[in-house]
Amino acid sequence: AQSVTQLDSQVSVSEGVPVLLRCNYSSSFSPSLFWYVQYPNQGLQLLLKYISGTALVKGINGFEAEFKKSETSFHLTKASAHVSDAAEYFCAVSDTVPETAGELNTNLLRC
């Protein structure tokens, strides 16, 4: 079984300041972790993913996330927010066992 919890349902930031969207997960197996973004009036888009290997994952538009197994976290960060970052962000987890369902949760980021 697996689950994700996004600790802030809505985050407001000013232009040019750092962004932090927190995501904690639980998983019985080695997890695959994902961040998706949905900009207004657009479809869901993969922002970045962690499958294995390097813990720090770089994504599109300057976003990155770090897999911290000891803290069961996969927080999304960006050094400097831009108004165009305003969107819904979804953290997702899936066990690496085939045919096991994943879970998705969401944050709303306002810039």
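Helices (H or I, at least four residues) and strands (E, at least two) are DSSP runs, numbered from the N terminus. By that rule, this chain has zero helices and 11 strands. From the N terminus on, its elements run β-β-β-β-β-β-β-β-β-β-β.

This is a predicted model, in which local features need pLDDT of at least 70 and side-chain atom pairs count only at pLDDT 80 or more, while totals for chains, interfaces and linings use all residues. Residues are numbered from 1 along each chain as its sequence is written, and side-chain values use heavy atoms, with hydrogens and water left out.

## The chain as a whole

The chain holds 111 residues, and 35% of them count as buried. Buried means under 20% relative accessible area, exposed means over 50%, and partly exposed lies in between (1.4 Å probe, protein chains only). The exposed surface of the chain is about 6,000 Å², and carbon and sulfur atoms supply 51% of it. Accessible areas come from the Shrake-Rupley method with a 1.4 Å probe; for residues, only the protein chains shown count as cover.

Contacts tell of links along the sequence. A contact means heavy atoms within 4.5 Å. Among contacts between residues at least 6 apart in sequence, 56% join residues at least 24 apart.

## How strands pair

Two strands pair if DSSP finds at least two bridges between them. Take β5 (residues 31–38) and β6 (residues 44–50): these strands run antiparallel and are joined by six bridges. Tyrosine 36 stands opposite leucine 46 in β6. The hairpin of β5 and β6 has five residues between the strands, and asparagine 41 there takes a positive phi near 60 degrees.

Strand β9 (residues 73–78) is antiparallel to β3 (residues 19–21), with three bridges between them. Leucine 20 has threonine 77 in β9 as its bridge partner. Strand β8 (residues 64–68) also pairs with β9 in the antiparallel sense, over five bridges. Here alanine 65 is matched with leucine 76 of β9 as its bridge partner.

β8 and β9 form a hairpin too, with four residues between them. Threonine 72 sits in the loop between β8 and β9. Its phi is near 45 degrees, a positive value in a residue other than glycine. With 31% relative accessibility, threonine 72 counts as partly exposed.

Asparagine 61 is another residue other than glycine with a positive phi, near 60 degrees. It is found in the loop between β7 (56–58) and β8. Asparagine 61 counts as partly exposed, at 44% relative accessibility.

## Aromatic rings

A pair of aromatic rings is described by the distance of the centres and the angle of the planes. Rings of Phe, Tyr and Trp (its six-membered ring) pair if their centres lie within 6.5 Å; planes under 30 degrees apart count as stacked, over 60 as edge-to-face and the rest as tilted. By this rule the count comes to five aromatic pairs.

In one of them, the rings of tyrosine 50 and phenylalanine 67 have centres 4.2 Å apart and planes at 20 degrees, so the pair is stacked. Tyrosine 50 lies in β6 and phenylalanine 67 in β8, so this pair ties together parts 17 residues apart in sequence. Tyrosine 50 is buried at 8% relative accessibility. Phenylalanine 67 is buried as well, at 12%.

Tyrosine 50 also pairs with phenylalanine 74: the centres are 6.5 Å apart and the planes at 55 degrees, so the pair is tilted. Phenylalanine 74 lies in β9, so its pairing with tyrosine 50 of β6 ties together parts 24 residues apart in sequence. Both tyrosine 50 and phenylalanine 74 are buried. Tyr25, Tyr50, Phe67 and Phe74 form one aromatic cluster.

## Salt bridges

Side chains of opposite charge can pair when their charged atoms come close. A salt bridge is a side-chain nitrogen of Lys or Arg within 4 Å of a carboxyl oxygen of Asp or Glu. How many salt bridges does a search of the whole structure find? It finds two.

| Acidic residue | Basic residue | N to O distance |
|---|---|---|
| Glutamate 64 | Lysine 58 | 2.9 Å |
| Aspartate 85 | Lysine 78 | 2.9 Å |

Are the partners buried or exposed? Aspartate 85 is buried, with a relative accessible area of 2%. Lysine 78 counts as buried at 12% relative accessibility. In the other bridge, glutamate 64 is partly exposed at 24%, and lysine 58 is exposed at 63%.
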